[in-house]
Amino acid sequence: MELLDVIEGRRFMGREFVVWLWFESEVQETNLEPTGADPVSMWLEAQITLVLEKEESRLKGAIPASSPEAKEALRQGKLPKEAKMRLVRGDREFTWTLKADSLALSGLKLPTQLKKNDEKHEVFYERMMLLEDLETSLSALYADFVRLRLADPWDDEVVPLMTSWAHGEKVDAEAYLATKRVVLGEKRKRKR
């Protein structure tokens, strides 16, 4: 198998990651607690594009992910191709568009305090520090997603909860969080 085939065969992970972030942000009312990183508030906003083969749904609005059309697209089997996101960590707000297939960020807005007229090295340092903060949060969230995705309860417990959520049914958030704690807790024990 060529490297390109391996990469193409794994592109679904980015789309599933966006769905999981969407699910997490709604079930936990935007309050996410990535393992090994500070708690954040995170949600999808402004625009989301969902695709299934050649069919595409592009939704815009204040919070398009909470619209009935977005959940209908999920029920039709469409997955997010890209989504605009907002993350708040402490008093810092970051916004960007996540390209699911490559996990690339575009249109990133950092909560910079310094202006272009300030010392160039200070402006550069501030931007690098803010990028590192965002990367820490996103890496921790992605690591949690992968651990959960590869664990036994994914198919038997998490997917049914996410399916109920996509159908607009009430999700047992406590059951989901208990499953998540067990999976992420088991990994922490194995590292010791």
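**Reading a hairpin, a buried threonine and a helix face**

In this predicted model, leucine 103 takes a positive phi near 55° in the hairpin of β5 and β6, which has four residues between the strands.

Me: How do I read the pairing in that hairpin? Which way do β5 and β6 run, and how many bridges join them?

Reply: Look at the direction of the strands, then go along the bridges. Here β5 (residues 92–99) and β6 (residues 104–109) run antiparallel, with four bridges joining them. Take threonine 97, which sits in β5: its bridge partner in β6 is serine 106.

Me: Is threonine 97 buried or exposed?

Reply: Buried means under 20% relative accessible area. Threonine 97 comes out at 17%, so it counts as buried.

Me: And what does threonine 97 touch, leaving out residues up to four places away in sequence?

Reply: Its contacts are Glu82, Ala83 and Lys84, plus Ala104, Leu105 and Ser106. Alanine 83 is 14 residues away along the chain, yet the C-alpha atoms of threonine 97 and alanine 83 are 5.4 Å apart.

Me: Let's try a helix. Which residues of α3 are buried?

Reply: In α3 (residues 68–75) they are Ala70, Lys71, Ala73 and Leu74. Now look down the axis: these buried residues fall within an arc of 155°, so they line one face of the helix.

Me: What covers the buried residues of α3?

Reply: The cover includes helices α2 (12–27) and α5 (153–166), along with strands β2 (40–52), β3 (55–60) and β4 (79–89).

Me: What phi does glycine 77 take, just after α3?

Reply: A positive one, about 95°.

Notes:
Residues are numbered from 1 along each chain as its sequence is written. This is a predicted model: local features need pLDDT of at least 70, side-chain atom pairs count only at pLDDT 80 or more; totals for chains, interfaces and linings use all residues. Side-chain values use heavy atoms; hydrogens and water are left out. Two strands pair if DSSP finds at least two bridges between them. Helices (H or I, at least four residues) and strands (E, at least two) are DSSP runs, numbered from the N terminus. Buried means under 20% relative accessible area, exposed over 50%, partly exposed in between (1.4 Å probe, protein chains only). Contact means heavy atoms within 4.5 Å. The arc is that of the directions from the helix axis to the C-beta atoms.
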